[in-house]
Amino acid sequence: MINDPLQSKDDIEQWMVEKFGDNFQPDAPEDAWQKLEPFLPAKKKRRLLLFWWPMLLTAGLIVLFSTLFSINNASKPVTSDILPAIETNPELQNKYQADIPSTFQNAKPVVTQPMQLAPLSVIPKKQTKTLNTSTKSSEKQTGPFMLQGAFIPVPVIGDNTTGDNAFIETKNSLAPVFLDAVMIKKTVLATVPSTSPNLKQQEQVIRKTTARHKKKGIFLGIEATPFFYTKGKTASNPSMLAFSEVPSQSPKSWSAGLNLAVEPFPNWRFSIGIQPFRQVEEARHTATLRLIDGTCLNPNDPGLKEYQFSYRLISGSGNESDLSLRLQQQDSGSSMPPDEPFVLDMKTVRRSTAWRIPLLVERRFGTGKWHFLLSGGALLELPGKNQVEVIHFSEACQDLCFQSGRLPEVKAVGRTSTSLGWQAGIGMERKVLPKLSIRVQPVVAVQNRGIQGGLSAAFLFSN
Amino acid sequence: MQQDIKRLPDLELAVACAQGDRIAQRYLFERVKNVMFGICLRFSDSREDAEDLLQEGFIRVFRDIEKFRGEGSLDGWIRKVFVRLGIEYYHRKQGRPQIVEIEWIEHLIAERHDAFDTEGQDNAIKLLQQLPPGFRAVLNLAVLEDKSHEEIARELGISAGTSRSQLARAKEFLRKILQKTLVLI
């Protein structure tokens, strides 16, 4: 038998709390789990770390651009199809044998030892030779030639620095080059047996051949990227009280670090880097709060009440922080209703750090010193620190104030998480020394929290 | 394994449940099922409906548990899911909120007062389930879930003024019922 619960208007509420409050825990049906389990989702497989669709999109763009803007002319195969035809054709074979000595009889040997090359400085860049490469003496060809001390004439690339470098770089694997060069020579004669060989064609073919025999490149880069544009994503439906910051000025952010690249195929590079990322943001926000949004820290204290408020702060760059502050009742006689809003203005400085690991694919176009390049790939970001400092605040309201000394006790904890996004760039690279290049490219980086645009500059050292 | 599960913080437990760990899911279910069943009983018309709500609620919990970010307790987050489900149950049952006028109360009391089961342990819940759904919803939200009238108005699709008047009438109605059944509770 309970006391009569109907003595005052709050008695109904007391009765309800007594009957159905926190202690109201009736027994659930015994077979509840058995009925529930078949409807539960199956165990999830680990999601693959990679975002396939941005990488596929990037790869597709690179392939598309390489097809449209390729400046490497497709040339006819010069070896496998034609050479057997030459070798099975006695007429061509005889012509080759007859032509070669007459072709090179006026050429001075540049090297005297077999399988040796003269230093680059010995070979004049503009050296030309007049050669009679056919039975018709009126036809002449020009171009520098080097006669190897052995018995196989080897045409070389002429006045092109890259070509010279390419040839010298292949000296350790010269035999295949010789053979290719021989086959090329035969091929040229086979295709144009009665006319002079087209030396420009030879140059291009030999350049391709030597490129195939080049050592696979390894590149170490030092890179810095200031970001000039930052836009954060708006947080969707935060489950707690949240306010957005308005930037006082554009966030200052930059990254710098190292990257390592390999070039397993001509004009294709794959790189991985490690870059610390820094960002500083200054912003303002206005928090509209009510007492019911906070927690009374001393409800049983007959004196001044103290409240703690917690809310999510979302910056313009997409960074999130959890901010809490304490306010004290000004006067115990305050009549401020619990649902009356009051406004706080605050200015904050946020300093965040992270580690970025770009995993990129690069397609390069061009020959010589200048290269145009497209890059794209995944960008893994590992969170670092995220510090928020409140540097300015307004008065709370007439009935509330900050702690003693009228200073807000504010704690901000940055919310950080590992994220995987993507990065893409278009740029130019110039070789300034044999093993040193400079690269500049605008880049776009997209992460969970937003998008950034910057300008990357790098020094690349090759092996 | 069971000992390890019990020691897990709420966020890690939620992550394990989101990944489909049946042991974690069973542990969480057993931990909160009675409290949530109490919420279902408070919002529903009958025990059968409450059992259906319980199952539907936990399906939703384990489907959406990956959205739990660690703010507040996991039990509190689950409670919100079930309260939301209770409100949806009210809307499903009633369509538009039923606004009960004071002159209907006497009629309802006369119709229902002899339907109370005076034996058993759950007289109070049965009494609550006898209330018109609109009264029951407002009482649950205002008194037991500590929602403001503005929040109740948003949830139920009524005005804040209507919420206040319905709460007053719900209390009056319940008071009259309790007066008639006071000696039995």
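This tour moves through a predicted model, from chain A as a whole to a cavity, then to the contact between chains A and B, and finally to one residue of chain B.

**Chain A as a whole**

Begin by selecting chain A and colouring it by secondary structure; 8 helices and 19 strands should appear. Next, colour the chain by burial: of its 463 residues, 40% are buried. With the surface displayed, chain A presents an accessible area of about 26000 Å², and carbon and sulfur atoms hold 57% of that area. A contact map is a useful companion to this view. Among contacts in chain A with a separation of 6 or more, 72% join residues 24 or more positions apart.

**The largest cavity**

Now turn to the internal spaces. The whole structure contains 8 cavities of 30 Å³ or more, and the largest of these has a volume of about 140 Å³. To centre the view on this cavity, select A:Asn259, A:Ser271, A:Leu360, A:Glu362 and A:Arg439, which are the closest to its centre among the 18 lining residues.

Which strands of chain A should be shown around the largest cavity, each supplying at least two residues of its lining? Display β5 (217-232), β8 (252-265), β9 (268-289), β13 (342-365) and β18 (436-447). Of the elements that contribute, β9(A) gives the most, with 5 residues. Colouring the lining by residue class shows 7 nonpolar, 7 polar and 4 charged residues.

**Where chain A meets chain B**

Bring chain B into view and select the residues in contact across the two chains: 34 in chain A and 39 in chain B. Together the chains bury about 3700 Å², with 66% of this area on carbon and sulfur atoms. On the chain A side, highlight A:Met16, A:Phe20 and A:Trp33; these residues supply 17% of the area that chain A buries against chain B, more than any other three residues.

**A residue of chain B: B:Leu139**

Keep A:Met16 displayed and select B:Leu139, since the two are in contact. B:Leu139 lies in helix α8 of chain B, which covers residues 133-144. Is B:Leu139 buried or exposed? B:Leu139 counts as buried because its relative accessible area is 0%, and the cut-off for burial is under 20%.

To see what surrounds B:Leu139, add its contacts beyond four places in sequence, which within chain B are B:Leu131, B:Leu144, B:Leu167, B:Ala170, B:Lys171 and B:Leu174. As a last step, draw a distance from the C-alpha of B:Leu139 to that of B:Phe43: the separation is 9.8 Å in space, against 96 residues in sequence.

Conventions: Residues numbered from 1 in each chain as written. Chains lettered and ligands numbered in written order. Predicted model: local features only at pLDDT ≥ 70, side-chain atom pairs only at ≥ 80, totals over all residues. Heavy atoms only, no water. Helix = DSSP H or I, 4+ residues; strand = E, 2+ residues; numbered from the N terminus. Buried < 20%, exposed > 50% of the residue type's maximum accessible area, 1.4 Å probe, protein only. Contact = heavy atoms within 4.5 Å. Areas by Shrake-Rupley, 256 points an atom, 1.4 Å probe, with all protein chains shown as cover. 1 Å grid on protein atoms, 1.4 Å probe; cavity = no way out; pocket = protein on both sides within 12 Å on 5 of 7 lines; lining within 4 Å. Points joined across faces, edges and corners; volume = space filled by probe spheres on them. Nonpolar A, V, L, I, M, F, W, Y, C, P; charged D, E, K, R; others polar. Buried area = accessible area lost by both parts, 1.4 Å probe.
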